[in-house]
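Colleague: Got a minute to go through this one with me? Please put it up on the screen.

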Amino acid sequence: AEVTAEKVRLKLGGEFEDLDLKIAAGPKTTVQPAAVAGPVPVPSMPTEAARLQALRAAEQAIERREQATQSRARGIPQPTSVPPTSGSAAGVTSMSEILAERRRAAAAAAAAQPRE
């Protein structure tokens, strides 16, 4: 076999065959299927953390309202709320602040009760 840029010549004994080579214009491109996109999250939907924070704030408001109602019924002065420290986010109360507020409320309740 003799190979050149334009043709290939095959020989066997006294017989031969010429094959012309055709050069294509360029490589054949493979079309990639488009990826199916999943659902796009809606920006107005709250994240799970934001939803839990709002739920906790609502529960705390209900708890404070119930404590105020019970305290007024017994004539006990209300404890003042502790403002958030500079390190905590607005609307988020740390567990130590909650416990301190409860201790103050218990002390106020104990002081308001008549002693025997």
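Colleague: In the hairpin of β2 and β3, which residue takes a positive phi?

Modeller: That's G13, with a phi near 65°. The hairpin has 2 residues between its strands. Keep in mind that this is a predicted model.

Colleague: OK, and how many bridges do β2 and β3 pair over?

Modeller: They pair over 6 bridges, in the antiparallel sense. β2 covers residues 7-12.

Colleague: Which residue in β3 stands opposite K11?

Modeller: F16 does. Another bridge pair is R9 with D18 of β3.

Colleague: What's the strand order in the whole sheet?

Modeller: The order is β1-β2-β3, an open sheet of 3 strands with antiparallel pairing. The edge strands are β1, at 2-3, and β3, at 15-20, and each of these pairs on one side only.

Colleague: Is β3 largely in the open or buried, then?

Modeller: β3 lies largely in the open, because the number of buried residues is 0 of its 6. Buried here means under 20% relative accessible area.

Colleague: Switching to helix α2: which of its residues are buried?

Modeller: The buried ones are E97, I98, A100, E101 and A109.

Colleague: And how far apart are its end C-alpha atoms?

Modeller: They are 26 Å apart. α2 runs over residues 95-112, so at 1.5 Å a residue its 18 residues should span 26 Å, which agrees.

Definitions and conventions:
Residues numbered from 1 in each chain as written. Predicted model: local features only at pLDDT ≥ 70, side-chain atom pairs only at ≥ 80, totals over all residues. Heavy atoms only, no water. Pairing = 2+ DSSP bridges. Helix = DSSP H or I, 4+ residues; strand = E, 2+ residues; numbered from the N terminus. Buried < 20%, exposed > 50% of the residue type's maximum accessible area, 1.4 Å probe, protein only. Expected span 1.5 Å × (residues − 1).
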